[in-house]
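Visitor: I am new to this structure and would love a close look at a single part. Could you pick one and walk me through it slowly?

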Amino acid sequence: MRRIVLMTGGAMAAMMASGASAQTQDAPATPPANEEIVVTGIRASLRSAQALKRDSDSILDAIVAEDIGKLPDNNASEALARVTGVQVSRYNDEANQVLIRGLPDVTTTFNGRELFTAENRFVQLQDFPAGALAALEVYKSGTSDLIEPGLAGLVNVRSRRPFDFKGFEIAGGIRGAYNEQADKVDPIGNILITDRWDTGIGEIGALVNFAYTQAHYRNAVRYNEAVIGAPDRGNDNPDDDIPVTTTGVGNSFRFPESIGNFYSRGKRWRPSVNGTLQWRPNAELEVYAEGIWQAYRAEQSNEWFNVNLARAAPDGTLPVLSNVVLAEGEADKAVSLTKTGGYPAEMYRSTNNDRTDTYQGAFGFDWRMNRARLRSDFAYTYSVYTASEYSLDSQFAGAPTVNAEFDVNGSSAFDLGGYDAMDPANYIWRGFYDRQYRATGDGIQWRTDLELDTDLDWLPRLDFGLRWTDRTGSLRQGNRYAYTPSLNIRLDDIGLGGLEVVTDGFRGDEQRFRNWLMPSRESIRDNFDGLRERSLAALQQLVLLNPTDQGFADQLQRFSTVDVPVDPLGGFRAHEASYSAYAQGHYDFALGGIEIDGTFGVRLVNTNGRYTGASRLVSPDGSVSFVEETNRQNYVDVLPSVAARIRFTPELQMRLAYNQTRTRPSFGQLNPGFNITFNDQSGGGSNQIYDAFGSGGNPDLQPLTSKNYDATLEYYFADNGSASVAVFYRDLFGFISNYTRDVQDPVYGLLQLTRPENAGAGEVKGVEASFQTFFDFLPGLLSGLGVQANATYLDGKNALPTALGEDAPLVRIPGVSEWTYNLTAFYEKGPISTRLSYNRRSDFVNNYNRNPNEEQYTGEATRAITRLDYSLAYNITQNVTLTVDVNNILAQPFRNFRYYNETQFFPRDVREEGRYYGAGMRFRF
């Protein structure tokens with residue numbers, strides 16, 4: 001079998017040039033020297049990725065090590081943002097969700113086997129440091145031998161193995177990245193050591209790779225609240241209406257009920273180690289063992305300042321609205337107003353420590369016989385995620401006058417008149433929140449695959465396979481809260497020392513109010529015992545003052561122990577087994593001089609799961625009951641697939657593919673536990689209309705189903721030059737999202753219900769186009785120029801769940817951008833390698849909801865996002881390269897907006913994100 005060997009990142013990364021599959025667990029025997037093609041640099045990576053795409057049984061796109069190592073990307077998800085048809089969502093200066101052709105349900109595998117974290121079904125792709133990767137393979141259409149792809153497809157992360165190298169090598173790199181908003185420099189690095197030996201028992205290879213990434217971030221947000229209200233509170237009691245002193249505007253105009261600032265800052269770091277042993281006793285047999293430890297650590301501080309414009313003061317006095325200005329040409333939409341009185345401004349500093357540890361160990365063999373190939377792989381995975389949150393809450397001692405504008409360059413801008421936010425005497429302690437969270441998961445997976453050569457010209461190979469998995473997932477958590485404003489305790493009198501100024505991360509933004517006072521993050525984290533004891537004393541006092549208030553009594557009991565009591569409602573247990581088998585044929589024939597090959601097959605999957613949670617029910621007389629509930633599901637999926645490659649010439653080919661996919665709901669979504677609480681009216685504003693609130697999972701959820709149709713036309717005019725266009729259609733049902741709706745319940749009254757629901761029928765259709773080449777025909781230095789470009793058009797719609805109403809409308813699928821563009825310009829000549837990468841995705845819907853008393857479901861959406869990145873590498877010797885890069889050069893703010901009816905909206909928020917500068921060195925010896 002021919003292979004292409006590429007010098008990438010100082011390592012010989014072996015990529016299969018035919019029959020590429022995410023399920024291939026081996027590196028084949030080293031080919032004779034006369035079949036080895038050695039190229040270097042960006043050209044090598046483009047050539048390898050192009051070969052994988054051209055010769056794969058599936059429709060895929062790939063990135064190999066050079067593409068990741070030389071782009072200014074720290075992890076896998078950042079690199080995938082540049083792949084045709086892939087979109088990413090970002091938060092806190094990081095790509096934290098990958099969507100393929102607009103869909104988020106992506107299966108992730110590591111060297112062809114499933115890898116997951118804690119209670120999830122997937123691993124976060126941003127947890128893979130770029131330095132640990134050999135390749136990323138994005139499968140957009142499935143074949144029967146693939147582990148069941150999600151609706152969106154499958155991403156296989158491939159690591160290096162010792163037989164990919166000729167012998168001893170040590171390679172790696174170190175880089176420093178500076179975030180201008182966080183004003184910190186962070187280290188990023190990796191080192192790989194590998195060797196192979198001829199011994200008396202055959203050839204043995206060993207490899208170990210260490211990687212570490214670290215990042216500080218600091219984002220600043222100014223926002224309008226999602227809930228849009230009116231002075232007329234929508235009931236028959238005029239005493240509830242908010243007074244308006246501006247003449248001529250009435251009291252039915254709409255405005256965001258809250259406005260504020262939110263700052264997130266923190267540090268996250270990800271150490272990772274992976275290693276492989278390979279043993280080849282003879283040319284026919286290879287045995288291997290490999291493992292990976294992947295970790296995530298984070299220390300965060302979130303700062304929140306909120307002004308409620310509609311809530312009454314604690315004594316029941318309503319705010320007064322004045323200076324109301326309505327939007328020109330829009331009915332009953334406020335542009336600005338002044339709020340006097342009402343509820344004081346609130347703030348918190350939430351401090352979080354998070355950590356994940358994921359371990360996977362695997363062993364297997366690959367036995368090649370004359371007419372057969374037998375492979376088997378067994379793996380065990382264990383993952384644990386823990387989080388602790390200590391949040392200190394405060395509020396102003398009085399209610400300042402608020403001058404608010406709702407659309408100043410994309411969101412709210414406000415000031416507090418002459419209120420002195422720098423005076424510690426103006427702050428009182430509002431409460432202390434303590435949350436502990438622990439999720440664990442483990443799983444066994446085993447698969448065996450058999451390939452048989454048939455000696456038939458038209459059907460050269462048959463594939464068969466079995467796979468068994470056994471998964472568990474569990475979540476335990478608890479929280480407690482001491483709500484203390486009625487005690488009127490000064491914030492600087494709770495034992496945390498003096499207050500510090502909360503600084504913002506805006507870049508010359510229009511926000512007028514930016515800074516306030518809070519205790520430092522360190523004083524909150526380091527004085528937990530004191531805060532718990534202070535909260536305990538406060539609750540004891542509150543119980544004495546409010547002897548009939550069961551809420552204070554319950555929280556007093558929770559704070560009476562050092563550890564947070566486990567909340568039976570906050571967790572679940574899941575145990576799920578799956579059994580799958582597949583049969584697949586490879587065909588190959590000529591028709592009228594045109595070569596046609598491909599696959600056809602079917603995969604059978606039986607899923608047998610048990611999901612357990614607890615429900616909390618509150619009767620009208622106040623009595624509480626807890627009920628453990630178990631949901632069982634057992635179903636069989638029959639997933640056919642067929643694919644054809646029509647080779648008109650060696651350069652021009654067409655692909656046609658059809659397959660069916662199923663995506664299981666997450667364990668948390670299937671949790672049958674449910675929580676009902678009566679409304680104590682403390683929230684004020686629109687929340688006052690509800691009698692109770694309910695939330696939980698949904699044991700009636702069904703797997704997401706999709707029938708997938710694909711066609712591509714691909715032209716390969718050079719080893720690293722190609723052009724392609726693809727059209728695709730997804731006929732889907734059951735897309736899962738969280739929805740909030742109002743239910744008139746005979747027991748609880750008007751209930752606001754939030755839970756995941758299956759959406760109705762939907763479809764995704766689109767077109768992709770891509771092009772890449774080096775301009776070798778240009779003279780002299782210009783011959784080092786190259787370009788890579790792709791664009792994707794998507795049209796995705798589904799019906800809202802029937803639970804929301806019989807006439808649920810057809811709406812855009814959340815997260816789907818209509819257009820995505822990537823354009824990268826390369827230059828590689830002599831010792832210089834540089835690239836400039838542009839990425840843009842158009843606006844997309846985040847979610848659907850509705851305001852209280854509204855019949856229409858409206859959406860929150862994000863405006864178009866544009867990024868520009870640059871990197872430069874200079875080879876000072878054959879083995880040492882210096883690098884510089886700039887990430888997020890444009891630093892354009894992230895903007896959301898919220899519709900409150902079919903035609904009108906308010907801006908939601910504007911988020912300022914960081915710009916990164918990096919410099920480093922790569923080496924190979």
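Guide: Happily: what follows is a close look at a five-stranded sheet, with a few other parts alongside for company.

A word first on what you are looking at, which is a predicted model. The mean pLDDT of the protein chain is 88, with 92% of its residues at 70 or more. Two stretches deserve caution. Over residues 1-39 pLDDT stays under 50, and the model has 126 contacts beyond four places in sequence for them. Residues 67-71 also stay under 50, with 22 such contacts. Where pLDDT is low, the predicted coordinates should not be read in detail.

Now to the sheet. Its five strands follow the order β4-β9-β10-β7-β8, and the sheet is open, with mixed pairing. At its edges are β4 (60-64) and β8 (113-114), each of which pairs on one side only. Helix α1, residues 41-55, packs on this sheet and touches β4 and β9 (135-139). The direction of α1 makes about 155 degrees with that of β4.

Let your eye move to β7 and β10. Strand β7 covers residues 106-110 and strand β10 covers residues 153-158; the two run parallel and are joined by five bridges. To find your place in this pair, look for Thr109, which stands opposite Asn156 in β10.

For another kind of pairing, turn to β5 (residues 86-90) and β6 (residues 95-100), which run antiparallel and are joined by five bridges. Here Val88 stands opposite Val98 in β6. These strands form a hairpin with four residues between them, and Asn92 takes a positive phi near 50 degrees there.

Further along the chain there is an open sheet of four strands, in the order β18-β19-β22-β23, with antiparallel pairing. The strands at its edges are β18 (320-326) and β23 (411-415), each pairing on one side only. From one strand to the next, the twist averages 20 degrees. Within this sheet, β19 (residues 334-340) and β22 (residues 402-408) pair in the antiparallel sense over four bridges. Leu337 stands opposite Ala404 in β22.

Let us end with a pair of helices. Helix α5 (residues 528-545) packs against helix α6 (residues 550-559) at an angle of about 150 degrees, and their axes are 9 Å apart. The two helices are therefore roughly antiparallel to each other, and α5 passes α6 in a left-handed crossing. On the α5 side, the contact is made by Arg532, Ser535, Leu536, Leu539, Gln540, Leu542 and Val543. From α6 come Phe552, Ala553, Gln555, Leu556 and Phe559. Sorted by class, the contact of α5 with α6 has eight nonpolar residues, three polar and one charged.

Key: Residues are numbered from 1 along each chain as its sequence is written. This is a predicted model: local features need pLDDT of at least 70, side-chain atom pairs count only at pLDDT 80 or more; totals for chains, interfaces and linings use all residues. Side-chain values use heavy atoms; hydrogens and water are left out. Axes are lines fitted to C-alpha atoms, for helices over the stretch in contact, and angles run from 0 to 180 degrees between N-to-C directions. Angles under 35 degrees count as roughly parallel, over 145 as roughly antiparallel, 65 to 115 as roughly perpendicular and the rest as oblique. A crossing is left-handed if the near helix is turned anticlockwise from the far one by less than a right angle, and right-handed if clockwise. Contact means heavy atoms within 4.5 Å. Ala, Val, Leu, Ile, Met, Phe, Trp, Tyr, Cys and Pro count as nonpolar, Asp, Glu, Lys and Arg as charged, and the others, Gly among them, as polar. pLDDT is the predictor's confidence in each residue, from 0 to 100. Two strands pair if DSSP finds at least two bridges between them.
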